[in-house]
Number of protein chains: 2
Amino acid sequence: MNIGEVAERTGLPAKTIRYYEDIGLIRPERRANGYRSFSDADAHKLGFVARARALGFGIDECRTLLGLYEDEGRSSADVKAVARTHLAQIEEKIAQLQAMRDTLAHLVESCAGDERPDCPILQDLAPD
Amino acid sequence: MNIGEVAERTGLPAKTIRYYEDIGLIRPERRANGYRSFSDADAHKLGFVARARALGFGIDECRTLLGLYEDEGRSSADVKAVARTHLAQIEEKIAQLQAMRDTLAHLVESCAGDERPDCPILQDLAPD
DNA sequence: GATAGTGCTTCCAGTAACTGGAAGGTCAAG
DNA sequence: CTTGACCTTCCAGTTACTGGAAGCACTATC
C-alpha cells in the first residue's frame, strides 16, 4: 500500500512515517515509480511504534521494543526492564510537574489579580 | 561583574547566560576587552528568569513576566493571567503523564519478567 | 491529447532551549 | 614569560518531528 493508506491506518502523518524510514525504524520497498510500498508487516510495525510513542517511549526505546517484539527468542524480562525504566522517568517527571503546579497554584491563589501592580507571583520570582 | 560570577550567583551556566543575551532577554554592557560586564540589575533579571524557568515558564513567558516585573504600572491581573495559563498547561501535562503512568504501571505489573518471550506489554503495543 | 486535481517524491529549514566543543584572545600569578 | 583560569565567537548537535517549496506520477474528465 501507499504511504497515505498507512498514514490513515496508523493515525501517523505521512511526514512522520517518512521520518521513521529516515531514521531506520522501517524499510519499506520501493515501486518502479519511486513510491514507497508498505507491506502489512510495515504497517503493523508503524502501529506498534505509534502506540509506544503514545505511552511516551522515546524513539530509541521504540527501536529497542521493536527489536524485542520481532525477536521470538526474547525474554519478557528485557521488555519489562525497558518499560520499568521508562515508568520511573515518567514518575519523576510527574513529581517535578506536581511540585511546579503546587507552587504555581499557591501563587496564583494569593494574587489579587486586579489593576494594582502588587503581585506575590512576581515577588516570588524576584531573587532576594 | 564577569559572566562567571553571574553564573555562580544565579546558578545558570555561563552558556545559558550568553544564550539569553543572544535572544535578547538581557543586554549586558561590554568592556574594552570584549568581556561582558553585568550590572546588579542584569544579575537580578537573570535570577528572575532562572526562577521562572524552574517553574516551567517558557522563554517567551519569561520575557513577558520580565516585562511586567519591570513595568511599575502593571496590573497584577496580567501577571496572574500568564501564571494561570501556564498552570493549566502544567495540569494538562500532568494528566497526560498520569494516564501513561497508569497504563504502564499496569502493564509492568502484569509482565512476568522472566526468560520466557510471552509479554503482555508487547501484546498491548501490538496493533489488533 | 490536454488539463486538473490529488498524491507521491526529495530537500531545506525551523521548532525549544540549550549544550558541547574548537580555536583563540585576556588576565593574574609566579 | 609561561601557565592556567576565564573570556570570546562560531558551528554543530540534541528530540521528534513539522511546514513548505519544487517537481514527478497517476486518475478522471473534456
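How much area is buried between chain B and chain A, and what share of it do carbon and sulfur atoms give? The views below take that up along with the two DNA strands; keep in mind that this is a predicted model.

**View 1. Here is where chain B and chain A bury area against each other.** The figure is about 4,500 Å², and carbon and sulfur atoms give 75% of that. Each partner is listed with its own count: 52 residues from chain B and 52 residues from chain A take part in the contact. If you go hunting for salt bridges between chain B and chain A, the count is zero. Polar contacts are another story, with twelve residue pairs between chain B and chain A (both at pLDDT 80 or more).

**View 2. This one looks at the side of chain B that touches chain A, element by element.** Helix 3 (40-54), helix 4 (59-70), helix 5 (76-110) and helix 6 (120-125) of chain B each chip in at least two residues. Helix 5 of chain B gives the most, with 21 residues. Sort that side of chain B by class and you get 29 nonpolar, nine polar and 14 charged residues.

**View 3. Now for the residues around DNA strand C.** There are 19 of them, and the ones that come nearest are Tyr35(A), Arg36(A), Lys15(B), Tyr20(B) and Arg53(B). Which part of the strand do they meet? Of the strand C atoms within 4 Å of the protein, 65% belong to sugar or phosphate, and the rest are in bases. By class, the surface near DNA strand C splits into seven nonpolar, six polar and six charged residues.

**View 4. Zoom in on some polar atom pairs at DNA strand C, with Tyr35 of both chains in the frame.** In chain A, a polar side-chain atom of Tyr35(A) sits 2.9 Å from a base nitrogen of the strand. In chain B, a polar side-chain atom of Tyr35(B) is 3.1 Å from a base nitrogen of strand C. Gly4(A) uses its backbone instead: a polar atom there is 3.0 Å from a phosphate oxygen of strand C. As for elements, those giving two or more residues to the surface near this strand are helix 1 (3-10) and helix 2 (14-22) of chain A, plus helix 2 (14-22) of chain B. Helix 2 of chain B gives the most, with four residues.

**View 5. Over to DNA strand D and the 19 residues around it.** Nearest are Lys15(A), Tyr20(A), Arg53(A), Gly4(B) and Arg36(B). Of the strand D atoms that come within 4 Å of the protein, sugar and phosphate account for 69%. The residue classes on the surface near strand D come out as seven nonpolar, six polar and six charged.

**View 6. A close-up of phosphate oxygens of DNA strand D shows Tyr20(A), Gly4(B) and Arg18(B).** A polar side-chain atom of Tyr20(A) lies 2.6 Å from one such oxygen. For Gly4(B), a backbone N or O atom is 2.8 Å from a phosphate oxygen, while for Arg18(B) a side-chain N or O atom is 3.1 Å from a phosphate oxygen. Two or more residues of the surface near strand D come from each of helix 2 of chain A, helix 1 (3-10) of chain B and helix 2 of chain B. The largest share, four residues, comes from helix 2 of chain A.

**View 7. Last up is the stretch of chain A at residues 1-68, which UniProt labels "domain: HTH merR-type" in an unreviewed entry.** Over those residues the chain is 62% helix and 6% strand. The end C-alpha atoms of the stretch are 26 Å apart.

Notes: Residues numbered from 1 in each chain as written. Chains lettered and ligands numbered in written order. Predicted model: local features only at pLDDT ≥ 70, side-chain atom pairs only at ≥ 80, totals over all residues. Heavy atoms only, no water. Near = heavy atom within 4 Å. Polar contact = N/O pair within 3.5 Å; in protein donor to acceptor, adjacent residues only side chain to side chain. Nonpolar A, V, L, I, M, F, W, Y, C, P; charged D, E, K, R; others polar. UniProt positions renumbered as here; feature names shortened; annotations may be inferred. Contact = heavy atoms within 4.5 Å. Buried area = accessible area lost by both parts, 1.4 Å probe. Salt bridge = Lys/Arg side-chain N within 4 Å of Asp/Glu carboxyl O.
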